[in-house]
Amino acid sequence: MIKFLADNWVNILLVLVGTSALVIYKLQERRKKIDAASLIILQIDEMQERLREISTYIVDEQLNATAFYESLPLMEENYWGKYKHYFVRSMDATSYASLNQLYNYVSGIQEQQLLMKNLQKNSFILTQTLLMNMEAQLIGVGLGNSYGSVSPAQIASTMENMIPPNVTEEDRNNLQMIVKQIIEHNPNFDDNQFWNMYRQQDERLKGIINNGALSPYIPVQIKISLDKILREYSMLEITGTDGYQLLKKMSQKKF
């Protein structure tokens, strides 16, 4: 036996090294599978809770715009799509199809959610642009009523050329600079008269806009699509399937 070991120690060592590498690989793959199951289970539970929350955003056949604007995406990454290859052979076809369908429903709802939020953001930008343009008109009128050496047409032309299309702090600084230049070149300009008129009209303008003068547009198709997906999702069984239980059991293993 000793002679055998002495003559074959190199081969024995290679076998031991290869076996150790295989064991380590198997353990690493098992660890990956456990981690994947944990991520999927956590995400499924969170998504189902979020879907129940989303269903409350439809009140009296109307979408709660504020709730949608403040809502977070239903999922950042599709863990089932990323890791389902670990479980495809050990999961029954019905469970596999149900999990695929759940993620399809979530993707569909998230698409409508993002569409609505983008429409809201675009509406804010358009409203701000409109407000900026109307404020520019107020400034032109106010300047025309507060000094006499420059015509209102000249002021309007100057404002139109100098005001950029988007609202920024720099835009407002430019407007103030224009007013300052006009004051310097027109000694009869009444600064107090201008600002009193402008601030009064500007506050009225903002009050009108903030009180709903501009109607937010939400396409009815968003609600129709959400209703359809949520109705179909309500008939989908997930937590009671063998596949969900398999994933949950795997996620609870230590190693």
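1. Within helix α1, D35 and R31 are placed 4 residues apart, about one turn of the helix. The two residues form a salt bridge in this predicted model, with 3.2 Å between the closest N and O atoms. D35 has a relative accessibility of 37% and therefore counts as partly exposed. R31, at 27%, is likewise classed as partly exposed.

2. Helix α1 carries another salt bridge, formed by R52 and E49. Here the closest N and O atoms are 2.9 Å apart. Because R52 and E49 stand 3 residues apart in helix α1, about one helical turn separates them. The relative accessibility of R52 is 46%, so R52 counts as partly exposed; E49, with 44%, also counts as partly exposed. In general terms, side chains of opposite charge can pair when their charged atoms come close.

3. A salt bridge also joins K223 to E61, and its closest N and O atoms lie 2.8 Å apart. This pair links distant parts of the chain, since K223 belongs to helix α8 and E61 to the loop between β1 (58-59) and β2 (62-63), 162 residues away. How do the two partners stand in terms of burial, buried or exposed? K223 has a relative accessible area of 12% and is therefore buried, whereas E61 has 56% and is exposed. The pair is part of a network in which salt bridges with shared partners join E61, K223 and D227. The count for the model comes to 8 salt bridges, among them the pairs D35 with R31, R52 with E49 and K223 with E61.

4. The nonpolar interior deserves separate comment. The largest nonpolar core holds 37 residues, and the members that touch the most others are I40, I44, F87, L102, I109 and L247. At least two residues of this core come from each of α1 (2-55), α2 (65-70), α3 (79-83), α4 (93-146), α8 (220-234) and α9 (242-251). Which helix supplies the largest share of the core? It is α1, with 9 residues. Helix α1 thus appears in this note both for its salt bridges, such as that between D35 and R31, and for its share of the core.

5. I40 gives a closer view of the packing. Leaving out residues up to four places away in sequence, I40 touches Y79, W80, Y83, F87, Y103 and L247. Two of these partners, F87 and L247, are themselves listed with I40 among the core members that touch the most others. Apart from this core there is a second, separate one of 8 residues, including L131, L138, F194 and Y198.

6. Helix α4 holds Q110, a residue that counts as buried because its relative accessibility is 14%. What does the side chain of Q110 reach? It comes to 2.9 Å from the backbone nitrogen of M75. With residues up to four places away in sequence set aside, Q110 touches P73, L74 and M75. M75 therefore appears both as a residue touched by Q110 and as the one whose backbone nitrogen its side chain reaches, while Q110 itself is buried at 14%.

7. G108 is also located in helix α4. Its relative accessibility is 17%, so G108 counts as buried. G108 and I229 are 121 residues apart in sequence, yet their C-alpha atoms are 7.4 Å apart in space.

8. A further residue of helix α4 is M134, which contributes to the surface. At a relative accessibility of 31%, M134 counts as partly exposed. Together with L130 and L214, M134 forms a nonpolar surface patch. The accessible area of these three residues together is about 210 Å².

9. The final point concerns D202, located in helix α7 (residues 191-213). Is D202 buried or exposed? With a relative accessibility of 6%, D202 counts as buried. Once neighbours within four places in sequence are left aside, D202 is in contact with E135 and L138. L138 is also one of the residues of the second core.

How values were computed: Residues numbered from 1 in each chain as written. Predicted model: local features only at pLDDT ≥ 70, side-chain atom pairs only at ≥ 80, totals over all residues. Heavy atoms only, no water. Core = buried A, V, L, I, M, F, W, Y, C linked by side-chain atoms within 4.5 Å. Buried < 20%, exposed > 50% of the residue type's maximum accessible area, 1.4 Å probe, protein only. Contact = heavy atoms within 4.5 Å. Polar contact = N/O pair within 3.5 Å; in protein donor to acceptor, adjacent residues only side chain to side chain. Patch = residues over 30% accessible without salt bridge, like charges linked within 9 Å, V, L, I, M, F, W, Y side chains within 5 Å. Areas by Shrake-Rupley, 256 points an atom, 1.4 Å probe, with all protein chains shown as cover. Salt bridge = Lys/Arg side-chain N within 4 Å of Asp/Glu carboxyl O.
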